[in-house]
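Student: I am new to this structure and would like a close look at a single part, the metal site. Please go through it slowly, and then place it among its surroundings.

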Amino acid sequence: MKRITLTLAALVMAATAQAQVSVKDAWVRATVAQQQATGAFMQIVSAKDAKLVEAKSPVAGVVEIHEMAMVDQVMKMRAVPSLDLPAGKAVELKPGGYHVMLLDLKGQVKDGDVVPLTLVVEGRDGKRQTLELKVPARPLNAAAQKDVSQGGGHGHGAMKH
Ligand SMILES: [Cu+2]
């Protein structure tokens, strides 16, 4: 799926000692009032083998790394302890796939808001690198909406934790 990123694209380069990790096209799905949870999506490339081990955001009480999988023909999501970032390979977090799950939202995330998001990436040597992102919020686009509706009972907003 090709996406036009326009000005909403967030390009963040982090180049510290160990793993060199870059994040692009990051966005958070805007929410409606009272919605408890949403997802953050992006493309992550690590120069060296590494894994995403933690995410944090001041807008959410709990942040988890989630994957989506078909279980009995129903798309379900579940928390995973980490997400592998193979060296030089772009790992895409997108609706219907891996995502950073923002739970226990402290307020509505409106279209155009900028959401601070911290990612913690661990290299093979166990050294950790922290990336501080500023991620724009926008509504789910039409193409992604289709992915979610295929999920039947799945919905971020309905998820309890
Ligand atoms: Cu999720």
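Tutor: A definition comes before the site itself: donors are N, O and S atoms within 2.8 Å of the metal, and water is not among the atoms, so a site may look incomplete. Keep in mind that this is a predicted model.

With that cut-off, the protein donors of the copper ion are His66 through ND1, Met77 through SD, His99 through NE2 and Met101 through SD. These atoms lie 2.1 to 2.2 Å from the copper ion. Along the chain, the donors of the copper ion follow the spacing H-x10-M-x21-H-x1-M. His66 belongs to strand β5 and Met101 to strand β9, residues 99-105, so this pair ties together parts that are 35 residues apart in sequence.

Next comes the geometry. The 4 donor atoms subtend angles of 104 to 124 degrees around the copper ion, and the arrangement is therefore tetrahedral. For four tetrahedral donors, the ideal angle at a metal is 109.5 degrees.

Are the two ends of that pair buried or exposed? His66 counts as buried because its relative accessibility is 0%. Met101 is also at 0% relative accessibility, so Met101 counts as buried.

The surroundings include nonpolar cores. The largest nonpolar core has 30 residues, and those that touch the most other members are Met42, Ile44, Val100, Leu117 and Leu119. Apart from that core lies another, of 6 residues, and among them are Met68, Met75, Met77 and Met101. Two names on that list have come up already, as Met77 and Met101 are donors of the copper ion. Back in the largest core, Ile44 has contacts beyond four places in sequence that include Val21, Val23, Leu52, Leu85, Val91, Leu93 and Leu119. Ser22, Lys89 and Ala90 are also among the residues that Ile44 touches.

A look at the loop between β5 (60-71) and β6 (74-79) adds one detail, since Gln73 has its place there. Most residues other than glycine have a negative phi. Gln73 is not a glycine, yet its phi is positive, at about 65 degrees. With 73% relative accessibility, Gln73 counts as exposed because the cut-off is over 50%. Asp25, in strand β2 (residues 21-29), likewise has a positive phi, of about 55 degrees, without being a glycine.

Strand β2 also holds one partner of an aromatic pair. A search of the whole structure finds 1 such pair. Trp27 and Phe41 form it, with 4.7 Å from centre to centre and 35 degrees between the planes, which is tilted. Trp27 lies in strand β2 and Phe41 in strand β3, residues 38-46, so the pair ties together parts 14 residues apart in sequence. Trp27 is buried, with a relative accessible area of 2%, and Phe41 counts as buried at 2% relative accessibility. Over the face of Trp27 lies Arg138, at 4.0 Å from the ring centre.

Strand β11, residues 128-138, contains Ala137. Ala137 counts as buried because its relative accessibility is 0%. Beyond four places in sequence, Ala137 is in contact with Val28, Val109, Lys110, Asp111, Gly112 and Asp113. Ala137 and Asp111 are 26 residues apart in sequence, while their C-alpha atoms are 5.1 Å apart in space.

Definitions and conventions:
Residues are numbered from 1 along each chain as its sequence is written. This is a predicted model: local features need pLDDT of at least 70, side-chain atom pairs count only at pLDDT 80 or more; totals for chains, interfaces and linings use all residues. Side-chain values use heavy atoms; hydrogens and water are left out. Helices (H or I, at least four residues) and strands (E, at least two) are DSSP runs, numbered from the N terminus. Buried means under 20% relative accessible area, exposed over 50%, partly exposed in between (1.4 Å probe, protein chains only). Donors are N, O and S atoms within 2.8 Å of the metal (3.2 Å for Na, K and Ca); water is not among the atoms, so sites may look incomplete. Four donors count as tetrahedral if all angles lie between 85 and 135 degrees; four count as square planar and six as octahedral if opposite donors are over 155 degrees apart and all others between 65 and 115; anything else is irregular. A nonpolar core is a set of buried Ala, Val, Leu, Ile, Met, Phe, Trp, Tyr and Cys residues joined through side-chain atoms within 4.5 Å. Contact means heavy atoms within 4.5 Å. Rings of Phe, Tyr and Trp (its six-membered ring) pair if their centres lie within 6.5 Å; planes under 30 degrees apart count as stacked, over 60 as edge-to-face and the rest as tilted. A charge sits over a ring if NZ of Lys or CZ of Arg is within 6 Å of the ring centre and within 35 degrees of the ring normal.
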